[in-house]
Amino acid sequence: MRKNNMLLLLLLLMGSTWFPCMGQMKIEFQEYDLSNGLHVILYPRPDVPVVAVGMMYHVGSKNEDPERTGFAHFFEHLMFEGSKYIERGELDKLLTEAGATYNANTWYDRTYYYEVLPANQLNLALWIEAERLRHAKVDKKGIETQREVVKEERRLRVDNQPYGRLIEETMKRMYKKHPYRWPVIGYMEHLEAASEEDFKDFYKTFYVPNNATLAVAGNFDPETVKRTIDIYFGDIPKGKKVPRPQVEEPPLGSEVRDVVYDNVQLPAVVHAFRTPSIKDPDYYAVNMLMQLLSQGESSRLSRYVKNEKRKALAVGAFPFGLEDSPSVSIIFGIANAGVSPEELEAAMEEEYEKIKKEGISFQEFQKLRNQLETEFYTRNSTMEGIAESLANYHTFFGDANLINTEIQQYLKVTPADIKRVANQYLVKENRVSLYWLPKSEEQSK
């Protein structure tokens, strides 16, 4: 065991010289469509003991009625209530007794459900996903139960969490028209006002085979699984054409500045910039720019703003990677005790300007490439990760083979590209700037 660990350490230390070898391990998958429009992707791996089943629906918070926000996330919970042939509370019991790990998550653009099970339990997961697609329990009892669950989740994760409304407050200022402007969890008054019929209409519209991708990765026989999928899913009726938001977001025009008062001890500064969607070639350079700013203790913001200048207790930067344009990248800092938001903001802006004027060093660039290669291959090193990646790539790009090739888009990015996107997107007229201040300061005004 110690020898294996030492070998792994040496390989990791070799950095990019190791990853081209990993890149040759092509993920060989099959894909096809059922007559009802369900897209199926199969990745057989007879050398592993488990199988992952992922079901992705191309529906997120951006697909909601502005007066009925939170539905996509609500269904993430409601779909565990059971179905016509799965009694309430039985779904969790079936999966737990089968030794499965399972979960679901929602984003602005999609909702994803998955199970990872012993290989001999594959049929159970396929049957459950077919049941949820065919006739999930969308009834008054389940709706009322999950309404309380979601309200409590919002209280814990958003309303009563320090800086918990950061994304929500940022996004509603970042977008004027696009439905990205409301939070994924939605507004509780909309869920309270929603009727049982509202929920059933959402289910009938978006939970249809032609709006879903089924990905299976692990130990299974492809021909056997194809027959099983056809039995479970083949006669589920195709839905109507799925509506998509057709919104052209107007330019921000100028910097949006505001102050948010919250139950926090320390001030924070939030800079959110409009950046390209995941379908834009510049997305890759912007992603690397955000990594340069905040990934690890040696990143620009951590090294200078946090450690050397001691202006921040914590810093971070991340691109959202949204399907529609524009997307958004958020940079934030939480001030150290005694540091004003003005001081923190000045230190953050100084680092932006350094990159815009001086660019990135060779050492930083190599480190970025190594980090991204590591993340890319780590994400696709488990059956669950592969299933989700295949579903994601098909849903948003119509090209599941990006699981093998997308890394090349990152490797094409040059130091000049990173400097260029910094100058293009990290500008004041393209950003929302928030000072996040303790409520005590509001009361003292």
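1. Let's start with R173. In this predicted model, R173 counts as buried because its relative accessible area is 17%, and the cut-off for buried is under 20%. Its salt-bridge partner is D258, with the closest N and O atoms 3.0 Å apart. D258 itself is partly exposed, at 33% relative accessibility, so this bridge runs from a buried arginine to a partly exposed aspartate.

2. Where do the two ends of the D258 and R173 pair sit in the chain? D258 belongs to strand β7 (residues 256–262), while R173 is in helix α7 (residues 166–174). The two are 85 residues apart, and the pair links distant parts of the chain.

3. That pair is part of something wider. A network of salt bridges links R165, E169, K172, R173, D258 and D262. Inside the network, R165 bridges to E169, with 2.7 Å between the closest N and O atoms, and both of these residues are buried. For the overall tally, the structure holds 42 salt bridges.

4. Have a look at the neighbour of D258 as well. R257 forms a salt bridge with E255, the closest N and O atoms being 2.8 Å apart. Here R257 is partly exposed at 40% relative accessible area, and E255 also counts as partly exposed, at 23%.

5. Now the sheet. Six strands form an open sheet in the order β1-β2-β6-β3-β5-β4, and the pairing is mixed. The edges are β1 (30–33) and β4 (101–106), each of which pairs on one side only. From one strand to the next, the twist averages 10°.

6. How do β4 and β5 pair? They run in the antiparallel sense, with six bridges between β4 and strand β5 (residues 111–118). If you want to check the register, Y102 has E115 as its bridge partner in β5, and T106 is partnered by T111. The hairpin joining β4 to β5 goes through four residues.

7. Two helices that pack on this sheet deserve a look. Helix α5 (residues 122–135) touches β3 (50–57), β5 and β6 (212–218), and its direction makes about 10° with that of β3. Helix α15 (residues 383–397) touches β1, β2 (39–44), β3, β4, β5 and β6, and its direction makes about 150° with that of β6.

8. T213 is a handy place to see the sheet and its surroundings together. This threonine lies in strand β6 and is buried, as its relative accessibility is 3%. Leaving out residues up to four places away in sequence, T213 touches L38, H39, I41, G54, M55, M56, A391, H394 and T395.

9. Last, the annotations. UniProt, in an unreviewed entry, lists residues 45–183 as "domain: Peptidase M16 N-terminal". In the model that span is 42% helix and 16% strand, and its end C-alpha atoms lie 38 Å apart. The record also gives "domain: Peptidase M16 C-terminal" for residues 195–372, again from an unreviewed entry. Over residues 195–372 the chain is 42% helix and 22% strand, with 45 Å between the end C-alpha atoms.

Notes
Residues numbered from 1 in each chain as written. Predicted model: local features only at pLDDT ≥ 70, side-chain atom pairs only at ≥ 80, totals over all residues. Heavy atoms only, no water. UniProt positions renumbered as here; feature names shortened; annotations may be inferred. Pairing = 2+ DSSP bridges. Axes fitted to C-alpha atoms, helices over the stretch in contact; angles between N-to-C directions. Contact = heavy atoms within 4.5 Å. Buried < 20%, exposed > 50% of the residue type's maximum accessible area, 1.4 Å probe, protein only. Salt bridge = Lys/Arg side-chain N within 4 Å of Asp/Glu carboxyl O.
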